[in-house]
Amino acid sequence: MAGSVGAAQAAPVPLPYCRAPRSVAAAAVVPPPQRPLLNPLQLARFVDPLPLPPAAQPVATRASPDNPGQMLPVYRLEQRAFEAPLHRDLKPARLWGYNGSVPGPAIQVQSGQGVFVEWVNALPVHHLLPVDRRLHGADGENPEVRTVAHVHGSKVPPESDGYPERWISPGSAAMLYYPNGQDAATLWYHDHAMGITRLNIYAGLFGPWIVNDAVEKGLGLPSGSYDIPLMICDRLVDADGQLVYPISAKPGQVWVPEVNGNVILCNGRIRPYIDVEPRRYRLRLINAANARFFSLGLSGDQAMQLIASDSGLLDAPVSMKSIELFPGERAEVVVDFSACAGRSLQLQNAADDILQFRVQDRKVEDPSTVPSRLRPVARLKPASARWDRLLTLGEMDDDSGYSTCMLLNGARWSDPVTEKPELDTIETWSFVNLTGDVHPIHLHLVRFQLVDRRPFDLFTYNLHRRVVYTGPAIPPAPHEAGWKDTIRAEPGMVTRIIIRFEGYAGRYVWHCHLLEHEDNEMMRPFEVLPHTRHA
Ligand code: C2O
Ligand code: CU
Ligand code: CU
């Protein structure tokens with residue numbers, strides 16, 4: 001199989017375990033010159049082999065915080081600048097990645113097997129992309145380049161969660177502990193630094209984190225080299241093969257409300273290909289885009305078996321011809337290539353090719369299966385909720401119609417914490433979408449279930465701040481009925497989820513996963529309080 005983008009790397013440079021002084025001067029933001037964009041239709045299709053993220057290798061061991069007699073593996077992921085082409089016929093692009101690859105190395109763990117990751121910030125002191133110094137976290141004396149890694153979907157103590165304000169600057173490192181006490185699921189790690197998350201991820205700071213477990217193993221699903229993560233994102237790329245991040249036309253405002261690209265990258269390449277055997281494969285689809293949703297399907301309308309959503313296996317597989325994924329969401333599908341020997345087919349976003357599968361023309365044994373039952377998903381009951389929270393999603397515009405920021409329940413990041421669930425209790429959160437867009441809402445720490453979506457009257461809400469429903473509640477379709485950690489809050493709807501706050505007490509965040517929104521106030525802290533009652 002092909003190596004990952006730019007996987008060749010220099011020897012790691014040891015760095016001190018301290019936060020660099022916060023003295024890097026607030027550099028003036030220079031807008032990028034308006035460079036001509038690439039015309040992707042002129043690029044040859046399917047000429048690059050699909051890069052597969054290299055498996056991360058432990059570099060040391062360290063005593064478990066939960067059980068000091070037990071030694072746990074330590075991984076080291078260094079964020080650094082490097083160059084790699086996004087396509088065979090393009091010049092190398094300047095990128096930021098973990099250990100010099102985009103996506104970063106794959107971390108694969110067994111459920112319950114704790115690991116440490118030493119996250120090392122070895123980036124330059126100036127950002128690759130235009131920083132908006134007016135955004136919270138990117139303002140004041142804060143260094144221009146800051147990083148903090150978050151493992152999306154992981155159930156971790158608050159110190160390891162990648163709280164957006166716990167960033168480190170170039171020359172610093174953080175050693176974080178991940179217990180992985182959760183069911184098998186496709187997680188992903190990415191940067192989460194306050195006010196520049198959209199830029200850090202856009203530059204390439206993301207990678208896969210896979211949790212496996214015994215239940216999943218017992219199902220006989222395709223595994224090993226037949227189990228492939230596909231991290232899909234879009235980017236604006238210029239005629240020189242370089243990333244472009246646009247800035248606002250509004251004087252004094254750099255931030256733009258959403259960024260959509262002119263190309264789609266699959267594991268860091270434009271329209272790559274992969275040779276596959278005529279048998280079943282498990283594909284882990286991860287939407288790592290800033291703002292674009294993908295409607296993923298196979299050419300020729302071939303069906304895929306959806307087996308898992310964000311936080312793990314569905315109760316039963318669902319046969320689907322296309323799967324919609326918003327930023328932050330994941331889907332695992334099993335695709336059977338056995339009827340396509342000697343042919344090729346494409347993974348597509350609507351009609352746009354993303355990846356070509358070249359199916360070998362031979363016969364192979366395929367011991368894998370997709371059982372008709374996967375893993376029971378016990379439905380949480382709204383009647384068991386301690387608290388029902390009604391939370392609005394809103395957008396603020398200025399007089400000329402430019403969006404200035406997005407707000408959760410009318411509050412900003414720095415307002416006092418208002419969501420304080422108690423550990424081991426259940427709550428329902430209802431997202432009242434007052435905007436015209438879908439917002440994929442993500443909670444850290446927990447997994448949850450969609451209860452329903454219900455249309456409401458926006459006019460009445462704006463007048464009286466009261467939710468009046470205009471139709472019946474719509475329960476989740478089978479593909480959305482499993483465990484989720486990111487949910488689409490649709491316009492005109494109240495989207496209700498049910499959550500059990502499990503694992504740890506402490507400070508976490510919830511936010512919109514459209515990264516431009518998240519960076520401009522559409523993110524709030526929540527605090528899990530230690531539990532007081534004993535059942
Ligand atoms: Cu994928 Cu708070 O993040
Ligand atoms: Cu997350
Ligand atoms: Cu949003």
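Which salt bridge do the side chains of Arg198 and Asp519 meet in, and what is its N to O distance? Select these two residues to begin the tour of this predicted model: their side chains meet in a salt bridge with an N to O distance of 2.8 Å. Arg198 belongs to helix α1 (residues 197-203) and Asp519 to helix α4 (residues 515-519), so the contact ties together parts that lie 321 residues apart in sequence. With the surface displayed, note that Arg198 is buried, at a relative accessible area of 1%, and that Asp519, at 5% relative accessibility, counts as buried as well.

Next, select Glu329 and Arg488, whose side chains meet in a salt bridge of 3.2 Å, N to O. This pair, too, links distant parts of the chain, since Glu329 sits in the loop between β19 (322-325) and β20 (330-336), while Arg488 is in strand β28 (residues 486-489), 159 residues apart. Both Glu329 and Arg488 are buried.

From there, widen the selection to Asp310, Glu324, Glu329, Arg330, Arg453, Glu480, Lys484, Asp485 and Arg488, which are linked in a network of salt bridges. The pair just visited, Glu329 and Arg488, is thus to be viewed with the other members of that network. For the structure as a whole, the count comes to 38 salt bridges.

For another setting, move to Glu502 and Arg500, which form a salt bridge whose closest N and O atoms are 3.7 Å apart. Here Glu502 is partly exposed, with a relative accessible area of 27%, and Arg500, at 31% relative accessibility, also counts as partly exposed.

Now leave the charged side chains and select strand β30 (residues 506-512). Is this strand largely enclosed or largely open to the outside? Of its 7 residues, 6 are buried, so β30 is largely enclosed by the rest of the structure.

To see the partners of β30, add strand β26 (residues 439-443), which runs antiparallel to β30 and is joined to it by 3 bridges. Within this pairing, pick out Leu443, which stands opposite Trp510 in β30. Then add strand β31 (residues 523-528), with which β30 pairs in the antiparallel sense over 6 bridges; a residue pair to label here is Gly506, which stands opposite Val528 in β31.

As a last view, keep β26, β30 and β31 on screen together, with β30 paired antiparallel to β26 and antiparallel to β31.

Note on methods:
Residues are numbered from 1 along each chain as its sequence is written. Chains are lettered from A and ligands numbered from 1 in the order in which they are written. This is a predicted model: local features need pLDDT of at least 70, side-chain atom pairs count only at pLDDT 80 or more; totals for chains, interfaces and linings use all residues. Side-chain values use heavy atoms; hydrogens and water are left out. Buried means under 20% relative accessible area, exposed over 50%, partly exposed in between (1.4 Å probe, protein chains only). Helices (H or I, at least four residues) and strands (E, at least two) are DSSP runs, numbered from the N terminus. Two strands pair if DSSP finds at least two bridges between them. A salt bridge is a side-chain nitrogen of Lys or Arg within 4 Å of a carboxyl oxygen of Asp or Glu.
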